[in-house]
Amino acid sequence: MENELLSNANNCSFCKNSIDKDVVFCPECGHPENGTDKQRAQFFAKRAMKKNKKIDDENKISSARNILFILSGIMAVLGFIIYSNTDNIIDLAINFFVAFIYLTLAFWSEQKPFIALLIGLILYITIIIVGFLIDPLSIVKGILWKIVIISLLAKGMHSALELKNKENNRF
Amino acid sequence: MSFCIRCNKSFNTEVNFCTNCGSKIEKEKNNNRNIVDAILGFYIMIVCYIAFSHFIYKAYQNSLFTEILLEVIFIGIILTFCFFNLKEILHLYKLPSIKINLYLKYLLITVFSCLLIYFSVGKLNELIFPDKDLNIFSSYLYLENPLLWSLFFVAILPPIFEELAFRGYLFNLLLKLTSPKSTIVATAFLFALIHFSFLSIIWIFPFGLFLGYLRKKHDTLWIPMLVHFTHNFLVVMLDFYFHNKELTELL
């Protein structure tokens, strides 16, 4: 009985998972163990594409993280400029506080990219709306930059989510 | 049991790929993108509501009708979003098991933190905004029963609907995408951010962390609601007390 079971079992040449001898595709990684050359070529092509997608996702997360660092720098510099014009220490404190939040989120995105980028995006949108409440015309000032920043943060956040899903499902 | 949607082959064991055609076996529909869209949509809706109410308050100051109308809009937005997550939301309204000692401990922490915040942040507010009247009670003096109205608008409505929005709807959605710890941090941050005040962020963020922790630990909205109510109730009563004290001193 044991010999019979062993004779029907085989290991996948790609992921080394134990599979039945008669199956065409490995149920674990999808490798066409008993498939045609065309199916094998398709399998490796798909894997290469997935790998490229992973690199692309990591680049998008990295770009979004850099945006958070840049926003932090901008807020700090802006704080100094406003302070030098108004002599109001509160303006400086608020700008420094927001810069500190962006900086914290940028570092946190190394461990938890999705949630850090989501909060970063929401904070940026909130600051735009607060600016609109103070001066309604501020919403159109540098609108292209605002769109670029929002789209980079959103892309980074979605890439982090996709990467997380892929990590949960290795193959 | 799973099956391949391409060749209809069924499997008794857990598989990632169909052994017959090589297609990926979808275990559950991946709707993470929809969840992210729902979170962003909900937050942007609330922020737009705040912006809208800011202009309405400016145009129609001291009007009970405006106050009620804006509250109705806010409640309407929250209930509309919650309607799409009704089953999970209703689950949060189950009554928790009664542990008097534990709840007393939470209430003591709330009272202590409220007093600490009231006097420290209050003093800081007075220093930064010396000309601004920040007394909540006095902003309802134009009404016949200011104490009752201020309790209704500050101590009763916000704990019910803010908890439903942040510890209910947003918490449930974020929990599907990230870990409980990250969810508590994110909801606390968004809760602080929505108050649109630099000084508020400093104390509302830790308060939000505490409320999020209670929501996660007891899996109910009743305890965060009770803590939130106690905090806001105390603030209104302290404002009421200091307002009357100032008046008697003036007289």
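This report describes the predicted model of a structure with chains A and B.

## Division of the chains

An assignment of domains splits chain A into domain 1 (1-52) and domain 2 (60-168). Taken over C-alpha atoms, the centres of domain 1 of chain A and domain 2 of chain A are separated by 46 Å. Chain B is likewise split into domain 1 (1-30) and domain 2 (35-250). For domain 1 of chain B and domain 2 of chain B, the C-alpha centres lie 47 Å apart.

## Where the chains meet

The contact between the chains involves 29 residues of chain A and 27 residues of chain B. On the side of chain A that touches chain B, the elements that give two or more residues are α3 (89-108), α4 (113-134) and α5 (143-168) of chain A. Of these, α4(A) provides the largest share, with 12 residues. By character, the residues of this side of chain A divide into 22 nonpolar, 5 polar and 2 charged.

One residue of helix α4 of chain A may be described further, namely I127(A). Is I127(A) buried, partly exposed or exposed? I127(A) counts as partly exposed because 15 other C-beta atoms lie within 10 Å, whereas a buried residue needs 20 or more and an exposed residue has 12 or fewer. The C-alpha atom of I127(A) is separated by 11 Å from that of N95(A), although the two residues are 32 residues apart along the chain.

## Annotated regions

The UniProt record, an unreviewed entry, lists residues 63-83, 89-108, 115-137 and 143-161 of chain A as "transmembrane region". For chain B, the annotation "transmembrane region" in UniProt, also from an unreviewed entry, covers residues 35-56, 68-90, 102-121, 141-161, 182-209 and 221-242. A further feature in UniProt (unreviewed entry), "domain: CAAX prenyl protease 2/Lysostaphin resistance protein A-like", is placed at residues 147-234 of chain B. The table sets out the computed content and end-to-end distance of several of these spans.

| Span | Helix | Strand | Distance between end C-alpha atoms |
|---|---|---|---|
| Residues 63-83 of chain A | 100% helix | 0% strand | 30 Å |
| Residues 143-161 of chain A | 100% helix | 0% strand | 27 Å |
| Residues 102-121 of chain B | 100% helix | 0% strand | 28 Å |
| Residues 182-209 of chain B | 86% helix | 0% strand | 10 Å |
| Residues 147-234 of chain B | 90% helix | 0% strand | 12 Å |

## Helix α7 of chain B

Helix α7 of chain B covers residues 198-218 and has 21 residues. From its first C-alpha to its last, α7(B) reaches 31 Å, which is close to the 30 Å expected at 1.5 Å a residue. Where in α7(B) does a kink lie? A kink of about 35° is located at I204(B), shortly before the proline P206(B).

Several residues of α7(B) are buried, namely W203(B), I204(B), F207(B), G208(B), L211(B), G212(B), L214(B) and R215(B). I204(B) is therefore both the site of the kink and one of the buried residues of α7(B). An α-helix has 3.6 residues a turn, so residues three or four places apart point the same way. Just after α7(B), D219(B) takes a positive phi of about 55°.

## Loop residues of chain A

Most residues other than glycine have a negative phi. K16(A) is not a glycine, yet it has a positive phi of about 65°. K16(A) is placed in the loop between β1 (9-11) and β2 of chain A. Why is K16(A) described as exposed? The reason is that 11 other C-beta atoms lie within 10 Å of K16(A), and a residue with 12 or fewer counts as exposed.

D87(A) also has a positive phi of about 65° although it is not a glycine. The loop that holds D87(A) runs between α2 and α3 of chain A. With 9 other C-beta atoms within 10 Å, D87(A) is exposed.

T36(A) lies in the loop between β2 (18-20) and α2 (37-86) of chain A. T36(A) counts as exposed because it has 10 C-beta neighbours inside 10 Å. T36(A) and K21(A) are 15 residues apart along the chain, and their C-alpha atoms are separated by 15 Å.

How values were computed: Residues are numbered from 1 along each chain as its sequence is written. Chains are lettered from A and ligands numbered from 1 in the order in which they are written. This is a predicted model: local features need pLDDT of at least 70, side-chain atom pairs count only at pLDDT 80 or more; totals for chains, interfaces and linings use all residues. Two residues are in contact if their C-beta atoms, placed from the backbone, lie within 7 Å. Helices (H or I, at least four residues) and strands (E, at least two) are DSSP runs, numbered from the N terminus. Ala, Val, Leu, Ile, Met, Phe, Trp, Tyr, Cys and Pro count as nonpolar, Asp, Glu, Lys and Arg as charged, and the others, Gly among them, as polar. UniProt positions are given in the numbering used here, feature names are shortened, and annotations may be inferred rather than shown by experiment. The expected span of a helix is 1.5 Å times one less than its number of residues. The bend at a residue is the angle between axes fitted to the seven residues ending there and the seven starting there. Domain bounds come from an automatic or database domain assignment.
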